[in-house]
Amino acid sequence: MASISFDKVTKRFPGSEVKALSSVSFDIGDGEFVVLVGPSGCGKTTLLRIVAGLESATEGRVLIDGKDISRVPPGDRNIAMVFQNYALFPHLTVEHNIGFGLRIRGVPKAERKRKVREAAELLELDQYLDRRPGELSGGQRQRVAMGRAIVRRPAAFLMDEPLSNLDAKLRVEMRAEISRLQRRLGATMVYVTHDQTEAMTMGDRVAVLDQGLVQQVAPPVELYQNPANVFVGGFIGAPRMNLLRGTCRGGTLRIGDRPVRQKAPNMGDGEVLIGARPEDVELVSPESEAAVLTGRVALVEHLGKETHVHLDIDESLTLPDGGNIVATSAPLAVPQEGAVVGIGIDLHLTHFFAADSGLSMRAH
Amino acid sequence: MVKSVGVLPGSMRRPRTSLHRQPGRSVPRQAGIFLAPALIIYLLIIVAPTVATIWISLTEWKGIGDEATFVGIDNYRRLWQDETFRASFNRTLTILVVGGVIVFACAFVFTMLLRELRSRKFVRAVIFFPNIVPPVALAIAWGVLLAPRSGLLNGFLEAIGLSSLTQTWLSPDLFFGSIMAGLIWIYTGFFATILMAGVDRVPNYFYEAAGLEGASSRQLFTRVTIPLTWDVLSVSAVLWVIVAIKTFEFIYALGGSGTDPSAASWTLPVHMYVIALGNRSPILALGQGSAIAVIMVIMVGLLVVLLRRLMRRGVVEF
Amino acid sequence: MTGSGANRFQTGVAKRLYRWLWRGLGGAFVWLWVAFSLGILAWIILAAFKRNDTVFADLWSLPDSIEGENFSDAWGLLNLARTSFNSVLTVGGGTFLTMAVSAPAAYALARMGFRGAGGLTAFFAFGIGVPVHSIVIPLFLGLSEVGLSNSLTGLTIAYVGVSIPFAVFLMTGFFRSLPTELEEAATMEGAKPVRVFFSVMLPLAKPGMVATSLIVAVGLWNEFLLALTLTFDEAKRTIGIGLLNTFGAMRYTSNWVGLFAAVVIMIVPMTVLYTWMSRRIIEGLTVGATR
């Protein structure tokens, strides 16, 4: 197995001013499952394709087991990749699709057959070996793509949104299955997705990318509890984190004009962004002392287990694209739409970010 | 933080460097192996003779066995003053422009009408058919159709009591019109087929959406079909330029069964053939013929570049 | 809006009338065209079974009896035993070689993305615009130089040369239309470009190969100009020249029905191929021409 290191990897596509990746540096340990997550166009797929050798970095190096692989052709990197649309060869049977790489490498027929059979059994594909991809369901094709990756026992697996073409139910099943498979093979895995549920449930660590920059690399729980900046805070978690503008002067936090009674955690004076996850927002009576501001109930969404309450608040208190405040509440204690309610926020549970840099103020 | 809703996954919009431009792999050498055989044959069979043609066009040469003498641009100058050449040139232009307008008008009508027709595959197969028949055979058929006394057309007109309309269709006055009609008959099928296949590639939901918005069938055609098949139209226009300027066998064979056709039917390629390769041997005008060939190639080149410019537009993917 | 009721009604009627006219006239246009085309074909086929002295006297009659005599005449006029053999050899060989060199070239142009690929593609496409008869003289001289004039080998090579531009043009379009991921997947599995081409891209481009080779073959089968100028022995004649000679001989023999039989003989193979494969030819033409 293998470790992968990114050393100041920068990518600029020809004819484009914008850097698709700028100075990406972090390490992936041997046998580790790392998820690259971020919005469309953040550079996650480009980073994966650079590891694969399908793209080359404009600057910087990629090291596998400490060796710079920039000049090694893709096929010689001992890496396997599962493509988003699986990229199965339509003219070959499942058996030949899985065994394609072995055949290229000149593995003798008997051994090839045995290895393909093993991989197929692991993925419960053994009845389908004679079929062509066109005759398989989406889930089965996905498994064939996995089979083609694992049969060679490569040093690392690269997966580019492998579950995005499956329906919701199958996606949940395959999510668990890929995690199991990775643990069983003990393989290093780099997994690209835009789906934060996949990122949170599958990865040992998650790397969040935005606009070609690594925002944070951390285990999922850490990412949720301690986001390094506003972007990570907003990207991870659904419904997304509420952000309010505030100012801090001499230990007193104000949201708009209203001072918050609760003592703010120790931080310097200045503009801050207060991040409160919906489950940490409490709906109280407008006159209550716990209310740091008031809002009008705009929409109530019943999800069964819990209820999302969307609240309109004074626009000057939110970010331009921040929209309204969302609170989750127990199904029974739900206010009427149109009602004015008080919004309570426990400052011990909120996140503080510097208004200018967006960086978290907690860690310092 | 817009979640991609499966419209276009980010990875598909990303500009890609070519797969083969790998670090540590010399690309041109690989490409060279793939390209060399075709390129060598192409250079030897097409390009070198074309260059030779340019040279011959600057000489006076009566044929193999005669010594070619260099005369500069004399051939071109003489062509410029030659009435016959100008008539040939005008005929080729007429085919290109008038014929082109009619061929594409007919092809569009077929395209629009056949969209809804149940027997469209059959109709398409029939109208394309002349394009797989040898031009000589087409010329024979056209001759039979238009023959003065015993031709099918005159026979048909007489049979339905319209003998007043019978004509000597292949007389010098009408000959070129008859040629045009034949070319239109042949090539409409070809271009209708290409346009129809282009239209077939447009997903039906565009028509459904436009229909729901209340578009008439003419609006569907101008607002949906034309813009979404623009690349096909552009290629078709280029192919027509080439076809219209190059077309030769049909006219040549219709003009005379094995003899050189009369000058009243000459277009540029026929003119070129007759003076450079025709039956007037051994007093052939190879130099002047080659000059006509060069003019044709230049015409094709200029018009193709011009058309490409005029019709250039961003590629619409769907 | 209330006053426009009658107006709207009128436009409604006008619209329906317009549609009805369009449908009616359009339908008439389409079916007359089809009837005309099939009519000529049918007339020639029927005439091929008629007798020469009556064929033009009674244009619309059916043949008295189905006799093969015209066809045995045509067989001799076309020198079919010899010319068909020569044609199959040169057209078959020419088509095969054209595809063998054009497919890899088109793949390189469409997929290898090297500097100058666009210009080279245009350079190949330029050949489509070169009139064949403008190059036959230098071509003949060049082939004579290497002893390949008046030879079926020389003719085959010339056929390959004149077919390459359009074949490369169509195949480039095909290769462009194939998904990039398959190439990438093969590369990830360790395949080198030559292997990627033969194991993955060529099998995937099979429909395009079939369509392109059919189009090339039809063109060469119907060709007579190169054959006429590059060969001159009776023994080297192709079927295209056979038909041209038969047509030329008409001036002296007036054997029309024999000529019609020769036409029928000549178009039969391509017609069979066409009815069998027309969908592929037509699709191939468009995918190749538009991608």
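**Two contact surfaces involving chain A**

No salt bridges at all turn up between domain 1 and domain 2 of chain A: the count is zero. The model is a predicted one, and its domain assignment splits chain A into domain 1 (4-230) and domain 2 (240-362). Their C-alpha centres sit 39 Å apart. Where these domains touch, domain 1 of chain A brings eight residues and domain 2 of chain A brings 11 residues. About 700 Å² is buried between them, with carbon and sulfur atoms giving 57% of that area. On the domain 1 side, A:Tyr224, A:Pro227 and A:Val230 lose the most area, together 66% of what that side buries.

Polar contacts do show up here, with four residue pairs between the two domains (both at pLDDT 80 or more). Helix 8 (residues 220-225) of chain A gives the most to the domain 1 side, with three residues. That side has five nonpolar, three polar and no charged residues.

Now for the meeting of chain C and chain A. Here 16 residues of chain C are in contact with 23 residues of chain A, and the buried area comes to about 1700 Å², 64% of it from carbon and sulfur atoms. In chain C, the residues losing the most area to chain A are C:Glu184, C:Met188 and C:Glu189, together 42% of what that side buries.

Three salt bridges are counted between chain C and chain A. A:Arg49 pairs up with C:Glu184 in a salt bridge whose closest N and O atoms are 2.7 Å apart. Helix 7 of chain C supplies the largest share of the chain C side, seven residues. By class, that side has eight nonpolar, three polar and five charged residues.

Conventions: Residues are numbered from 1 along each chain as its sequence is written. Chains are lettered from A and ligands numbered from 1 in the order in which they are written. This is a predicted model: local features need pLDDT of at least 70, side-chain atom pairs count only at pLDDT 80 or more; totals for chains, interfaces and linings use all residues. Side-chain values use heavy atoms; hydrogens and water are left out. Contact means heavy atoms within 4.5 Å. Buried area is the accessible area (1.4 Å probe) that two parts lose on being put together, summed over both. A salt bridge is a side-chain nitrogen of Lys or Arg within 4 Å of a carboxyl oxygen of Asp or Glu. Helices (H or I, at least four residues) and strands (E, at least two) are DSSP runs, numbered from the N terminus. Ala, Val, Leu, Ile, Met, Phe, Trp, Tyr, Cys and Pro count as nonpolar, Asp, Glu, Lys and Arg as charged, and the others, Gly among them, as polar. Domain bounds come from an automatic or database domain assignment. A polar contact is a pair of N or O atoms within 3.5 Å; within protein, one must be able to donate a hydrogen and the other to accept it, and residues adjacent in sequence count only if both atoms are side-chain atoms.
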